[in-house]
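Welcome, and take a moment to turn the model around before reading on. We will go from its enclosed spaces to its core, and then to the parts that call for some caution.

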Amino acid sequence: MKQQASSRGAGVWALVITSVAGFMAALDNLVVTTALPSIRESLGGRLEELEWTVNAYTLTFAVLLMTGAALGDRFGRRRLFIAGLTVFTAASAAAALSPGIDELIAFRAVQGVGAAVMMPLTLTLLTAAVPPARLGMALGFFGAVTGLAVASGPLIGGSLTEHISWQWIFWLNVPVGLILLPLARLRLAESYAPEARLDVPGTVLVSGGLFGIVYALVSSTSDGWTDPLVLTGLIAGTLLLGVFVRHGFRAKNPVLPMRLFRDRAFFGINVASLLMFLGMFGSIFLLSQFLQNALGYSPTEAGLRMLPWTGMPMLVAPVAGYLADRFGGRPVVVTGLALQAVGLGLFAAVLEPDVAYSAQLPGLVVGGIGMALYFAPAASLVMSSVRPGEQGIASGANNALREVGGALGVAVLAAVFSARGGYGSPRAFSDGTVPAVWIGAGAVALAALTALLIPRRRRVSGPAPESSEERVSVAV
């Protein structure tokens, strides 16, 4: 009985520590979006430099996530989790002290390195600590908390920026990190993966490929698509990613085994996640600025007016978890993505420099419900699509693809915005935002179609399977 209580206590501590750490890492993806006008006023910067304050974090986060998972498997997941959390916390303080836009971009990149080591280990530490019977509920809670962090970033960033200063969107991480560090050391159990290996060539290939493509997309807004560096980035990045895919099929221990994508469930949820984050991140990047630059709201007012969208996970996530348990994760994720696409479409259809808030509300509510329905079961779908020994790499791959989607979304939608509009006037800002958000809606709609590839949940008859591998094989 004492052993059972101790196991339950360890699971609760693991859920709390990993959820708070995941919240911090996910929050910093978009917490700067509502603060961008204030950062621009304080430190200066053109559109592409504002993009890099977001993408410097998401890009390093994305390209090193799978390496972070592999390092944890090799040298100890708790040890590397603590190391990543330490780097993330220190870089947050450095970002708050940045004297210029270039320094801010650099420290945002270091933040991403810390988050990349920390984030993929949260799910493996949680999976190891929580009993299988409660794992689905724990993963659903973790997914909902992470989704809430992504969604509430604009509100938290706006409130801190207006009432204190934009620097506090980074200072906020410091006390939380300092509290989590001793708790992680005392309450999390150490674990390893047998025969884990690092894939240096794969990491170099994917890092160079993604950097080349995102650099080209961001630079195209100011330099044009025919600029030699833009063309070089696109061509070289595409070639490097092609070699990375080939490497993933042929290498003995690749950072991302491409054979995993032969499974329909793994392929469907990961590609859908990439497209969903592409549409959502890019749209939030522009819409949070639209509310301030075109409609004249303060940072806090902009965050509050996005609350029907960003706050919906708090209300809908428990219902989403129940529906996923009852009907399986696939229909819940597909429905959520479809509603998110409809919400963005409704928003794009009404955007004007003088649009009333009542006209914006339907798109915000529908999009928020869709976001909540997606986030709650997504983590469970990822972890149940692979064998237990592959859950670390699956977690890293899914988080990496989501971050890649976010970086591409900001770059692609900002490029569309720059081509069709600009910061010159409310009308120019609206003219650029509308086509960009329509593209975001299209990307999320494509994500919904891709999620249909996920197999339906198989009903299990007879006694429950005994082994953890069997349990995973019959999950959603």
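How many cavities of 30 Å³ or more does a search of the whole structure find? The search turns up 2 of them. Keep in mind as we look at them that this is a predicted model.

Let us visit the second largest cavity, which has a volume of about 50 Å³. Its lining is made up of 11 residues, and those nearest its centre are Ala 26, Asn 29, Met 119, Arg 402 and Glu 403. If you would like to find this spot by following helices, try α1 (2–30), α6 (132–163) and α17 (391–420), each of which gives at least two residues to the lining. The character of this lining is mixed: 6 of its residues are nonpolar, 3 are polar and 2 are charged.

Now compare that with an open space. The second largest pocket holds about 390 Å³. Of the 19 residues that line this pocket, Phe 244, Leu 256, Phe 261, Leu 274 and Leu 401 lie nearest its centre. What kinds of residue make up this lining, nonpolar, polar or charged? The lining has 19 nonpolar residues, with no polar and no charged ones. Several helices take part here: α3 (47–75), α9 (200–223), α10 (228–250), α11 and α17 each supply at least two lining residues. The largest share comes from α17, with 5 residues. You have met α17 already, as it also supplies at least two residues to the lining of the second largest cavity.

With so many helices mentioned, it helps to step back. The protein has 19 helices and 0 strands. Of its 476 residues, 59% count as buried. Contacts also reach far along the chain: among those between residues at least 6 apart in sequence, 84% join residues at least 24 apart.

Next, look at the interior. In soluble globular proteins, nonpolar side chains tend to be buried together. Here the largest nonpolar core has 134 residues, and Phe 81, Met 276, Met 280, Trp 309 and Leu 337 are those with the most contacts inside it. Helix α11 (residues 264–293) gives the most to this core, with 17 residues. Apart from this core lies another one, of 7 residues, including Met 312, Val 316, Ala 320 and Val 332.

Phe 81 is a good residue to zoom in on. Setting aside neighbours within four places in sequence, Phe 81 is in contact with Ile 17, Ala 21, Met 118, Leu 121, Thr 122, Leu 125, Ala 184 and Leu 188.

For another close-up, go to Ser 430, in helix α18 (residues 426–451). Is Ser 430 buried or exposed? Ser 430 counts as buried because its relative accessible area is 1%, under the 20% cut-off. Beyond its neighbours within four places in sequence, Ser 430 is in contact with Phe 290, Leu 351, Glu 352 and Pro 353.

Finally, a word about confidence. The protein averages a pLDDT of 79, and 87% of the residues score at least 70. Where is confidence lowest, and where is it highest? It is lowest in helix α19 (residues 468–473), at a mean of 32, and highest in helix α4 (residues 77–96), at 92. Over residues 1–5 the pLDDT is below 50, and this stretch has 0 contacts in the model beyond near neighbours in sequence. Residues 458–476 also stay under 50, although the model has 23 contacts for them beyond four places in sequence. Where pLDDT is low, the predicted coordinates should not be read in detail.

Notes. Residues numbered from 1 in each chain as written. Predicted model: local features only at pLDDT ≥ 70, side-chain atom pairs only at ≥ 80, totals over all residues. Heavy atoms only, no water. 1 Å grid on protein atoms, 1.4 Å probe; cavity = no way out; pocket = protein on both sides within 12 Å on 5 of 7 lines; lining within 4 Å. Points joined across faces, edges and corners; volume = space filled by probe spheres on them. Helix = DSSP H or I, 4+ residues; strand = E, 2+ residues; numbered from the N terminus. Nonpolar A, V, L, I, M, F, W, Y, C, P; charged D, E, K, R; others polar. Core = buried A, V, L, I, M, F, W, Y, C linked by side-chain atoms within 4.5 Å. Buried < 20%, exposed > 50% of the residue type's maximum accessible area, 1.4 Å probe, protein only. Contact = heavy atoms within 4.5 Å. pLDDT = per-residue confidence, 0-100.
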